[in-house]
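Please look through the structure below slowly, turning it as you go, and keep the sequence beside you while you read the explanation that comes after it.

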Amino acid sequence: MARGLFLTFEGIDGCGKTTQLALLSERLREAGHDVLETVEPGGTDAGRAIRGILLDPRHHALSARTELLLYFASRAQNVTEVISPALQRGATVLCDRFTDSTIVYQGAGRGLDEATILELHRIACGSIFPDLTILLDVDAETSLARARSRNRETGSEETRMDDEDGAFFARVREGYLRLAAREPKRIRVVDARGPVDVVAQNVWEEVNALV
Ligand code: TMP
């Protein structure tokens with residue numbers, strides 16, 4: 001059987017990717033696809049425990065290197081336990097964030113070396129890389145305001161990254177746009193400022209061209 005397609009969603013906190021991933025998943029299922037959804041960090045029992053450590057504001061003292069290794073520990077387990085088996089059975093895998101997040105948050109954001117990140121990717125994920133990545137682009141201010149008010153409204157405990165300042169998220173957004181310029185075929189930039197259904201239609205057009 002042919003390997004399934006691996007699609008990822010990327011963007012700064014509050015860009016709307018979780019909503020868009022759910023809408024795309026529904027549309028693909030309606031079209032008859034076997035769809036598997038997963039998330040990073042998370043996706044497995046061990047991954048969810050690692051996510052708890054990473055996003056808990058009590059762990060404000062985590063070093064950038066510890067953070068980097070924990071994101072890859074979660075990813076290694078997700079690839080082994082969930083993503084690879086699903087791709088092998090021919091499923092379409094939708095993943096909320098993947099290694100591009102590490103390249104921009106820990107690389108562009110925290111200043112860690114990209115070559116090291118790519119080497120860790122090889123160790124953790126082998127040759128697994130997305131076939132298509134939807135980058136939901138929105139300015140850092142709008143996005144952050146959305147993410148912070150959502151976290152307040154839902155009483156989310158995953159607020160460690162909320163402590164970063166606007167300059168950090170501006171570096172992350174620029175990092176994403178640089179990555180997209182480097183890999184324009186794989187990474188498709190979708191303007192995320194409009195109404196949810198308009199963004200969803202634009203995402204669908206990018207994905208439909210591939211599936
Ligand atoms: P989420 O809110 O989109 O689930 O993402 C959780 C946070 O983790 C978000 O602030 C981005 C951050 N993150 C990284 O810094 N590096 C990574 O590799 C991943 C996957 C997420």
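The paragraphs that follow go from the ligand and its surroundings to one helix and then to two loops.

Bear in mind from the start that this is a predicted model. A good place to begin is the ligand, since the space that the ligand takes is the largest pocket. Three elements, α2 (45–55), α3 and α4 (99–109), each give two or more residues to the shell around the ligand, and the largest share, four residues, comes from α4. In total, 14 residues surround the ligand, and the closest are Asp13, Lys17, Arg97, Thr102 and Gln106.

Some of the polar contacts with the ligand can be followed atom by atom. The side chain of Asp13 has an N or O atom that is 2.6 Å from an oxygen atom of the ligand, and for the side chain of Lys17 the distance between such an atom and a ligand oxygen is likewise 2.6 Å. Tyr71 also takes part, with a polar side-chain atom that lies 3.0 Å from an oxygen atom of the ligand. Of the 480 Å² of accessible area that the ligand has on its own, the protein covers 93%.

Now turn to α3, the helix of residues 64–88, which has 25 residues. From its first C-alpha to its last, α3 reaches 34 Å, which is close to the 36 Å expected at 1.5 Å a residue. Even so, α3 has a kink of about 50°, and this kink is centred on Val79. After α3 comes Gly90, a residue with a positive phi, near 95°.

Two loops deserve a closer look, and a general rule helps in reading them: most residues other than glycine have a negative phi, and most peptide bonds are trans. In the loop between β2 (35–39) and α2 you will find Pro41, which is joined to Glu40 by a cis peptide bond with an omega of about -10°. The loop between β3 (92–96) and α4 holds Arg97, whose phi is near 75°, a positive value in a residue other than glycine. Arg97 has already appeared above, as one of the closest residues to the ligand.

Conventions:
Residues numbered from 1 in each chain as written. Predicted model: local features only at pLDDT ≥ 70, side-chain atom pairs only at ≥ 80, totals over all residues. Heavy atoms only, no water. Expected span 1.5 Å × (residues − 1). Bend = angle between axes of the 7 residues up to and from the residue. Near = heavy atom within 4 Å. Polar contact = N/O pair within 3.5 Å; in protein donor to acceptor, adjacent residues only side chain to side chain. Areas by Shrake-Rupley, 256 points an atom, 1.4 Å probe, with all protein chains shown as cover. 1 Å grid on protein atoms, 1.4 Å probe; cavity = no way out; pocket = protein on both sides within 12 Å on 5 of 7 lines; lining within 4 Å. Sits in = over half its atoms within 2 Å of the grid points.
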